[in-house]
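This report goes through selected local features of one protein chain. Please keep the sequence and the model open while reading.

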Amino acid sequence: MTPELAVPPIFSPIPPAIHPRHADIDVQTAAWAETFRIGSDELRGKLVVQDIGTFSARILPEGREEVVSLLADFVLWLFGVDDGHCEEGELGRRPGDLAGLLHRLLRIAQNPEAPMLLDDPLAAGLRDLRLRVSRYGTAGQTARWVDALREYFFSVVWEASHRRAGTVPDLNDYTLMRLYDGATSVVLPLLEMGHGYELQPHERDRTTVRAAAEMASFIITWDNDIFSYHKERSGPGYFLNVLRVLEQENGLSIHQALTTAIAQRDRVMCLFMRLSDYVSEQGSPQLRQYLQTLASFIRGAQDWGISSVRYTTPDDPAGIPTVFRDTPTDDSPEPLDIPAIAWWWDLLPCGATSPGRYRPVQRTS
């Protein structure tokens with residue numbers, strides 16, 4: 001069967017990489033999911049064959065193995081929440097009830113000893129994750145991980161309100177919430193843990209560094225929407241995808257929406273590379289490592305997105321590419337017309353915005 005939409009190769013100037021222990025991590029994550037009984041039997045059966053351990057190994061190709069494994073387990077847990085409760089479960093259309101459950105889970109992340117949800121597999125899995133985050137991270141990193149989890153939970157309740165109402169958000173609101181509901185920000189503290197350092201507040205909280213992380217989130221989530229369109233389009237809750245948003249807001253055909261979404265992510269990718277170059281020149285070795293790992297996160301999500309059965313859907317093959325392209329479809333230095341993120345383009349000084357200044361990230365040994 002020919003897929004409705006064929007996605008062309010997308011621009012990626014970031015070289016691929018993978019942790020040498022990726023196969024073992026994949027097996028360990030599948031075993032972790034079985035141990036904690038994450039999701040229903042049917043959902044868990046799907047998740048354990050989606051190469052989630054390999055995804056984590058692509059994000060932290062040179063990271064500490066125990067943190068790569070922790071990240072893989074955490075990503076699978078997030079899919080247990082997102083697939084099991086938000087996208088495909090009944091709570092995904094009951095924002096009030098969903099908020100109640102997520103607040104109880106948040107309390108467990110804050111205080112794993114709290115006697116709550118004692119018979120809930122997701123709660124048991126979260127307790128294990130929280131203890132390992134504390135073991136491998138600092139107190140500050142653990143606190144930021146919990147805070148980011150709160151942001152993610154808040155955003156998926158927003159999603160549930162649209163599913164209940166059967167509405168499609170406008171592009172600005174969708175862009176803003178997609179920075180959080182893609183669960184990218186909750187991964188960021190683990191990027192530091194994976195390499196055994198803690199980014200100092202005077203660097204982490206700089207506007208340029210925060211913007212670089214948001215750009216990475218934008219690229220990852222736009223790519224995810226593009227690659228997951230085939231999987232999502234036939235579902236009853238297909239309201240929250242950038243292609244659907246662009247179709248509705250701008251009156252575009254699905255093919256025009258795809259072309260527009262690719263151009264948007266290409267323009268942000270070019271800006272991310274330029275900003276990373278600029279910030280790295282004045283940053284500490286830890287900051288340079290952080291920016292490099294953000295790039296690995298982007299590329300890891302791309303490689304996983306075009307190869308995992310989660311998106312290739314072999315029983316109903318999706319029209320997604322198997323390779324990437326070396327040049328963007330849009331390298332304009334002008335801001336996207338999306339108020340929530342247009343300020344990103346104000347962060348580079350004059351002379352650092354030449355369209356040709358993107359270049360592949362070079363790895364350090």
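Burial is graded by relative accessible area: buried means under 20%, exposed over 50%, and partly exposed in between, with a 1.4 Å probe and protein chains only. This is a predicted model, in which local features need pLDDT of at least 70 and side-chain atom pairs count only at pLDDT 80 or more, while totals for chains, interfaces and linings use all residues. Residues are numbered from 1 along each chain as its sequence is written, and side-chain values use heavy atoms, with hydrogens and water left out.

**Loop residues**

Helices (H or I, at least four residues) and strands (E, at least two) are DSSP runs, numbered from the N terminus. Asp51 lies in the loop between α2 and α3 and, at 30% relative accessibility, counts as partly exposed. Its phi is positive, near 60 degrees, although Asp51 is a residue other than glycine. Arg37, in the loop between α1 (22-36) and α2 (41-47), is also not a glycine and has a positive phi of about 55 degrees. Most residues other than glycine have a negative phi.

The table places Arg37 beside two other loop residues.

| Residue | Loop | Relative accessible area |
|---|---|---|
| Arg37 | between α1 (22-36) and α2 (41-47) | 39%, partly exposed |
| Asn111 | between α5 (95-110) and α6 (121-136) | 25%, partly exposed |
| Gln200 | between α9 (188-193) and α10 (201-204) | 42%, partly exposed |

Gln200 and Leu287 are 87 residues apart along the chain, and their C-alpha atoms are separated by 8.7 Å. For Asn111 and Glu247, 136 residues apart along the chain, the C-alpha separation is 43 Å.

**A buried helix residue**

Thr54 belongs to helix α3 (residues 52-59). Its relative accessible area is 13%, so Thr54 is buried. Leaving aside residues up to four places away in sequence, Thr54 touches Ile18, His22 and Asp26, where contact means heavy atoms within 4.5 Å.

**Helices α12 and α13**

Two packed helices are described by the angle between their axes and the distance between the axes. Axes are lines fitted to C-alpha atoms, for helices over the stretch in contact, and angles run from 0 to 180 degrees between N-to-C directions. The axes of α12 (residues 242-250) and α13 (residues 254-280) come within 9 Å and cross at roughly 115 degrees. On the α12 side, Val242, Leu243, Leu246 and Glu247 take part, and they meet Ile254, Ala257, Leu258, Thr260, Ala261 and Gln264 of α13. By class, this contact has 7 nonpolar, 2 polar and 1 charged residues. Here Ala, Val, Leu, Ile, Met, Phe, Trp, Tyr, Cys and Pro count as nonpolar, Asp, Glu, Lys and Arg as charged, and the others, Gly among them, as polar.

**Aromatic rings**

Rings of Phe, Tyr and Trp (its six-membered ring) pair if their centres lie within 6.5 Å; planes under 30 degrees apart count as stacked, over 60 as edge-to-face and the rest as tilted. The structure holds 11 aromatic pairs. In one of them, the ring centres of Phe218 and Trp344 are 6.0 Å apart and the planes stand at 90 degrees, so the pair is edge-to-face. This pair links distant parts of the chain, with Phe218 in helix α11 (residues 207-232) and Trp344 in the segment after α15 (309-312), 126 residues apart. Phe218 and Trp344 are both buried. One aromatic cluster is formed by Tyr174, Phe218, Trp222, Trp344 and Trp345.
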